[in-house]
Amino acid sequence: MALPALLPVLALLPVLALLATPPEPGLAPIPVPAASDPPLPAQPPDALFAAGAEAYARGDWPAVVLQMERALRARAAVRSRLVRCRLRCANATAGLAEGAEPGTEPVLRDLLFFRGLLRRAACLRGCGPAAPSRYRLGEELDREFVKRSPYNYLQVAYFKMNRPAQAAAAAHTFFIANPGHQEMRQNLEYYQAMAGVREDDFTDLEAKPHLSEFRLGVRFYTEEQPPAAILHLEKALEEYFVADSECRALCEGPYDYEGYNYLEYNADLFQAVTDHYMQVLSCKQGCVTELASQPGREKPLEDFLPSHFNYLQFAYYNNGNYEKAIECAKTYLLFFPNDEVMNQNLAYYTAVLGENLAGPIQPREEIQAYHQRSLMEKELLFFSYDVFGIPFVDPDTWTPKEVIPKRLREKQKVERETAARISEEIGNLMKEIETLVEEKAKESADMSKFIREGGPLVYKGASVTMNSKALNGSQRVVVDGVLSDEECRELQRLTNAAASAGDGYRGKTSPHTPSETFYGVTVLKALKLGQEGKVPLQSAYLYYNVTEKVRHMMESYFRLEVPLHFSYSHLVCRMAIDEKQEGRSDNSHEVHVDNCILNAEALVCVKEPPAYTFRDYSAILYLNGDFEGGAFYFTELDAKTETAAVQPQCGRAVGFSSGSENPHGVKAVTKGQRCAIALWFTLDPRHSERERVQADDLVKMLFSTEEGDLLQEMEPEQEPPAALTAGKDEL
């Protein structure tokens with residue numbers, strides 16, 4: 001499928017093309033703005049963004065949505081108008097002349113050249129806004145739009161307005177560009193569990209069409225559906241060149257002095273033109289990287305444009321279209337003429353189709369023009385790098401070495417070798433320093449932990465049964481007597497009455513092993529059920545108080561200088577499925593670490609999402625011991641070498657720090673039901689569990705009123721999901 005003619009192809013080198021034929025009596029009329037140009041917004045995007053932020057601060061959620069959506073549309077309109085203007089002016093002035101006749105006087109060449117520049121400048125001036133500075137975003141605010149910050153405001157506002165589908169879309173759009181944003185990850189998990197939110201609602205509202213089509217094309221290619229792959233890859237190419245023309249047009253802005261004091265900048269006419277034009281060309285070459293970059297990813301897709309033709313040549317072959325397969329193979333070879341595999345493919349396609357039919361087939365014209373333009377731009381940029389010292393980083397891997405001046409090639413080779421040697425030396429030195437620091441830090445941390453732990457338990461009846469030394473580790477403790485037998489029975493009854501299968505696991509009743517069923521209930525859910533009279537309210541209150549008791553014991557015993565905040569709390573029972581115990585070899589919960597991703601083979605634990613990196617301490621309080629199996633155990637980082645085991649019983653609590661020093665698991669429950677309260681804590685209040693805050697408010701309201709008012713219906717006010725529960729990982 002032939003791509004449509006592209007505006008930028010008609011003006012591959014607009015400045016060079018303006019060497020005109022002999023002068024006409026007067027300048028032709030200046031092009032005027034087209035009626036189809038999008039109108040400028042009544043207010044500029046920066047003012048709308050500021051108004052949205054102010055509305056957010058005062059809690060005016062409808063105004064937040066109104067102003068932020070207007071800001072997004074305004075920025076898009078300003079950019080679209082600017083792109084259309086520049087492309088139209090480029091085409092309106094590029095065709096005035098194809099070049100100067102041989103023998104034209106130098107002075108006339110200069111005049112013809114600048115006549116073209118004047119016409120282009122007049123055109124651009126005529127189609128711009130009356131007050132261009134009013135619509136020009138500052139660098140800092142433009143970065144906010146690039147980071148998609150308006151969608152962060154929008155997701156909270158939509159949530160507050162009870163529009164979860166729109167909130168999910170806004171949150172997803174923001175998260176795509178900010179994958180390390182832990183709070184937004186939690187919000188997305190919260191939205192996924194909300195009623196009325198569908199999978200289709202999690203869409204990227206800022207998706208680049210050419211990337212979306214490319215991904216679809218590759219997916220269908222992988223699924224061996226050639227017709228669908230061809231359709232989407234061809235569409236991706238169309239969208240790519242639309243995006244390329246827009247990106248290149250946006251490069252033609254004012255000169256960036258890049259650290260120069262513009263008052264001291266004293267370049268002459270041609271040096272100033274060179275400086276500015278090389279800056280523009282470098283930006284246009286950078287569109288290769290811009291168009292291949294995926295939001296939130298550090299590295300762009302390598303050889304993005306040529307890779308389209310790699311996929312297409314094979315898709316057309318699988319679809320039986322050898323003419324198109326040959327065309328795409330030859331197009332790919334424009335970029336990589338010595339690619340052995342592609343040359344073999346081309347030879348095969350040619351043999352099947354016949355040389356008489358295959359020979360006349362040429363690479364796609366628009367790609368030949370793109371390739372030629374890119375090579376000419378690189379030649380100019382490398383020349384300016386070599387002669388004037390204007391730096392240029394080539395975004396492509398396919399650039400022929402002949403384009404780079406020999407002197408510059410040799411200089412770059414020496415620089416690369418020197419940089420590699422220095423980098424290696426620094427790397428080796430840093431490794432030695434890191435090893436020494438880690439050893440000293442480990443020694444210091446281990447000693448500090450042993451010295452610091454051992455504070456009072458603050459509750460009568462509770463006593464330490466095993467400390468870190470007895471458990472062969474650090475930051476570990478086993479405490480007995482936290483609950484009485486009657487309290488254990490009451491909480492077990494609460495679990496059986498209030499818990500639902502798969503709670504905390506999106507309804508998966510056997511999340512860790514198919515041989516056991518999980519039932520769970522959170523503190524807030526238990527309190528609400530108690531308020532509604534579906535379970536004893538005092539039992540729910542006991543559950544709440546017990547979790548507070550464990551938190552205070554952990555703070556005191558480990559002598560923490562700052563308070564612990566609940567990250568997640570879960571009363572959970574796991575029950576053995578009798579018919580699935582024969583020949584069983586798995587655990588109830590395999591060895592893991594609570595705040596990092598354990599790689600047992602490499603003996604490392606990577607502290608990065610999707611691990612809950614904000615968790616600092618963990619605890620589990622057992623409600624019973626009348627079952628078989630289910631022992632809790634610690635291991636080394638290899639997840640195999642067991643260092644200590646704890647057999648559950650009523651009122652026994654295990655507490656430990658959540659890091660790589662404490663890998664742990666749960667052995668298989670082979671008979672009966674094992675019930676416990678699992679608790680995770682954080683030292684960072686920003687990651688405090690939102691449900692816990694709601695539970696605190698509910699307890700204050702329920703237990704500060706008269707008994708007769710306890711069961712009145714009361715729905716806590718919805719809160720933004722910024723710190724809502726993310727995940728579980730039962731102990």
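Good morning, colleagues. I begin with an open sheet of four strands, ordered E6-E14-E11-E12 and paired in antiparallel fashion. At its edges lie strand E6, residues 589-592, and strand E12, residues 642-646, each of which pairs on one side only. From one strand to the next, the twist averages 15°. I should state at once that this is a predicted model.

Let me turn to one pairing within that sheet. Strand E11, which covers residues 632-635, is joined to E12 by four bridges, and the two run antiparallel. Within this region, Thr-635 stands opposite Glu-642 of E12. As general background, strands of a sheet pair through backbone hydrogen bonds, in either a parallel or an antiparallel manner.

I now move to the protein as a whole. The protein contains 21 helices and 16 strands. Of its 731 residues, 47% are buried. The exposed area comes to about 36900 Å², and carbon and sulfur atoms supply 54% of that. As for contacts between residues at least 6 apart in sequence, 76% of them join residues at least 24 apart.

My last topic is a feature of the surface. Which residues form a nonpolar patch there? They are Ile-422, Ile-426, Leu-429, Met-430, Ile-433 and Val-437, and together they have about 520 Å² of accessible area. One of them, Ile-433, is located in helix H17, which spans residues 406-452. Is Ile-433 buried or exposed? Its relative accessible area is 39%, and because buried means under 20% and exposed means over 50%, Ile-433 counts as partly exposed. Thank you for your attention.

How values were computed: Residues numbered from 1 in each chain as written. Predicted model: local features only at pLDDT ≥ 70, side-chain atom pairs only at ≥ 80, totals over all residues. Heavy atoms only, no water. Patch = residues over 30% accessible without salt bridge, like charges linked within 9 Å, V, L, I, M, F, W, Y side chains within 5 Å. Areas by Shrake-Rupley, 256 points an atom, 1.4 Å probe, with all protein chains shown as cover. Salt bridge = Lys/Arg side-chain N within 4 Å of Asp/Glu carboxyl O. Buried < 20%, exposed > 50% of the residue type's maximum accessible area, 1.4 Å probe, protein only. Contact = heavy atoms within 4.5 Å. Pairing = 2+ DSSP bridges. Axes fitted to C-alpha atoms, helices over the stretch in contact; angles between N-to-C directions.
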